[in-house]
Amino acid sequence: MASPEGARRHFSKGLLLSASILALWVPQGSRAALRIQKIPEHPQKNQDLLLSVRGIPDTFQDFNWYLGEEAHGGTMLFTYIPELQRPQRDGSAMGQRDIVGFPNGSMLLHRAQPTDSGTYQVAVTINPAWTMRAKTKVQVEEKHKEPPITHLPMSAGIMVAIIIGSLAAGALFIGSIAHLLLTRSWRGQSHRTTTTEEPEAHPNHNAGDENIYEVMPSPTLLVSPLGDPGSANTAMPLPLPENHHYQDLLNPDPAPYCQLVPRP
């Protein structure tokens with residue numbers, strides 16, 4: 001049977017081993033849970049860069065930002081302690097950089113320069129025995145300059161636009177002239193058609209009067225008017241029927257008139 005002193009030693013060794021395993025396991029899990037998001041992902045010169053920390057606990061003691069592969073005093077940018085009235089304290093690596101820390105562990109770099117490129121890492125102290133760490137690499141690029149060859153397509157595009165515009169203007173001018181000529185030609189044809197068809201539209205009513213009246217032979221001798229003795233009717237008289245009554249009327253006998261004697 002084991003003595004009480006041996007049991008105490010065995011219990012102490014087991015507790016120490018558990019504490020060691022827990023101490024080694026917690027930072028690895030904390031490092032895996034903490035991450036940094038770059039906004040924008042590919043920053044350019046004179047552009048603001050936000051390094052947003054994700055997965056940080058709600059309560060923590062402080063956090064430190066470093067610029068470099070190693071985290072020490074020479075690479076420290078600043079320390080942020082939320083409990084202080086002025087929570088941010090700049091480190092030796094801050095230099096002339098304009099960096100602002102936030103209570104959620106993030107940092108904002110104003111007007112980033114190519115010299116600001118490197119490895120940024122943050123260490124969040126939850127308690128004296130628990131510190132969470134995360135790192136990311138930042139590459140600040142120069143603004144892309146358009147090479148001289150890019151101006152050629154632009155100039156060519158302008159020339160093409162000018163040529164197309166000139167052709168369109170010329171086509172519009174030619175179309176206007178053609179339209180004007182066609183309009184005048186159409187009007188001339190319409191005027192000639194109207195002039196040609198005008199006599200048909202107003203027929204001469206006297207043209208058909210030639211055959212309206214028929215010449216009828218007069219049964220008697222036509223006598224010209226007294227005012228026109230020289231104009232004799234040349235119409236041929238119809239032959240009179242052989243009847244002595246008509247002959248008596250034409251050639252009366254003067255004898256009966258001679259027998260009339262006035263009374264005394």
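Which residue in strand 9 is the bridge partner of Asn127? Keep that in mind, and I'll come to it.

Okay, some ground rules. This is a predicted model, where local features need pLDDT of at least 70, side-chain atom pairs count only at pLDDT 80 or more, and totals for chains, interfaces and linings use all residues. Residues are numbered from 1 along each chain as its sequence is written, and side-chain values use heavy atoms, with hydrogens and water left out.

So, confidence. pLDDT is how sure the predictor is of each residue, from 0 to 100. The protein averages 74, and 54% of the residues score at least 70. Over residues 19-31 pLDDT stays under 50, and the model gives them five contacts (heavy atoms within 4.5 Å) beyond four places in sequence. Residues 220-235 are also below 50, with three contacts beyond near neighbours in sequence.

Now the sheet. Strands are DSSP runs of E, at least two residues, numbered from the N terminus, and two of them pair if DSSP finds at least two bridges between them. Here five strands make an open sheet, in the order 5-4-3-8-9, with antiparallel pairing. Strand 5 (88-90) and strand 9 (130-138) are at the edges with a single partner strand each, so one side of each has no neighbour in the sheet.

At one edge, strand 4 (residues 76-80) and strand 5 share three bridges, and Thr79 sits opposite Arg89 in strand 5.

At the other edge, nine bridges join strand 8 (residues 118-127) to strand 9. A hairpin links those strands through two residues. And back to my opener: the partner of Asn127 is Trp130.

Notes
Helices (H or I, at least four residues) and strands (E, at least two) are DSSP runs, numbered from the N terminus.
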